Amino acid sequence: MARLIRMDQAGHTTLAEWTAGDDAAVEAAVAAFREQLDAGYYAVVSSGEGHAEQVRELPLEADLVILRRPIAGG
Amino acid sequence: MAGAAAPILPETATVYWRPRLDAARLRRRGRIWTLTTIAHTIPFLATAALLLALEPLSFPVAAVAVVHAWGIPALYANRGANVVRPRPRAAAAPERVAAGLLGDLLGHEARALHAGTGLALECGRLGTWLVGEAGALLVRPGGRRVDCWCVKVDADLPSGDRTAHLLLALREDEQGFATVANLAFSGAARRVRRRLPAAMRPALDAARARA
């Protein structure tokens, strides 16, 4: 089952879970995804060591989509 | 990690005036940093030499000048090491959850190194990175020079999540990550190593071995 998680004060929170055939779950995941992007989060799919890709549409085939806050120089 | 078709880290838009950092710009910045350090040091050493030449009894004042010449580069190196010093912890449960997620993002070797040192090792095109909670060290190829970058996520998060934020951004776009980050120090790896907490030194040794 694929997951959409957000890194937050709790460590991380699972916002949605879906499987390819479950239309209702996919719809809920897409809605949660868009809501978080509108709130200023960036969505990232990590594909192993050294590789990560920012996504602007929920990749339904991904196992894990991580939402992160913007970074800035300290 | 970064190339012509590679995506651009969105945070680079917040520092639009900075040219995108590549290997050549990084080398140039390193040379400028070294020249600046020399420019800070030479006047004190010259003053000490002049004082001794004019009046040997001025030795105490000359000694103070030499201490300044030694101290300024040391302060810069200390500032560099500080970028990866651990920050205050969150509660135990969030820390555990965040550490689990970060562990999932790391390979076996990097996970073990992070557990022992608090730094996540990541190989890039610019060199070998050690990612901490509020900064990162870049060990240049060859392992002799280290660039210390101050970069963080502005949110109240467990330490593992702070590191994971930086790690993911680095993996998205290495050059963009270095463009967004602020350079706190660039110089000899041995100078940074001396000023790192003892527990973190094995991570720098591992990164130097990889670089």
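## Strands β1 to β3 and a loop proline in chain B

In chain B, strands β2(B) and β3(B) form a hairpin in which three residues lie between the two strands. The model described here is a predicted one. Strand β3 of chain B covers residues 135–139, and four bridges join it to β2(B), the two strands running antiparallel. Within this pairing, B:L130 stands opposite B:L137 of β3(B).

On the other hairpin, strand β1 of chain B, residues 120–123, pairs with β2(B) in the antiparallel sense, again over four bridges. Four residues lie between β1(B) and β2(B) in this hairpin, and B:G127, which sits in the turn, has a positive phi of about 155°. Here B:C123 is the residue that stands opposite B:T128 in β2(B).

The two hairpins are set out below.

| Hairpin | Residues between the strands |
|---|---|
| β1(B) and β2(B) | four residues |
| β2(B) and β3(B) | three residues |

Which residues of β2, residues 128–131 of chain B, point one way and which the other? B:T128 and B:L130 point one way from the strand, whereas B:W129 and B:V131 point the other way, and all of them are buried.

A separate site is the loop between α7 (189–195) and α8 (201–210) of chain B, where B:P197 lies. Is B:P197 buried or exposed? B:P197 is exposed, because 12 other C-beta atoms lie within 10 Å, and a residue counts as exposed if that number is 12 or fewer. B:P197 and B:V84 are 113 residues apart in sequence, while their C-alpha to C-alpha separation in space is 9.4 Å.

Methods:
Residues numbered from 1 in each chain as written. Chains lettered and ligands numbered in written order. Predicted model: local features only at pLDDT ≥ 70, side-chain atom pairs only at ≥ 80, totals over all residues. Buried ≥ 20, exposed ≤ 12 C-beta atoms within 10 Å, placed from the backbone. Pairing = 2+ DSSP bridges.
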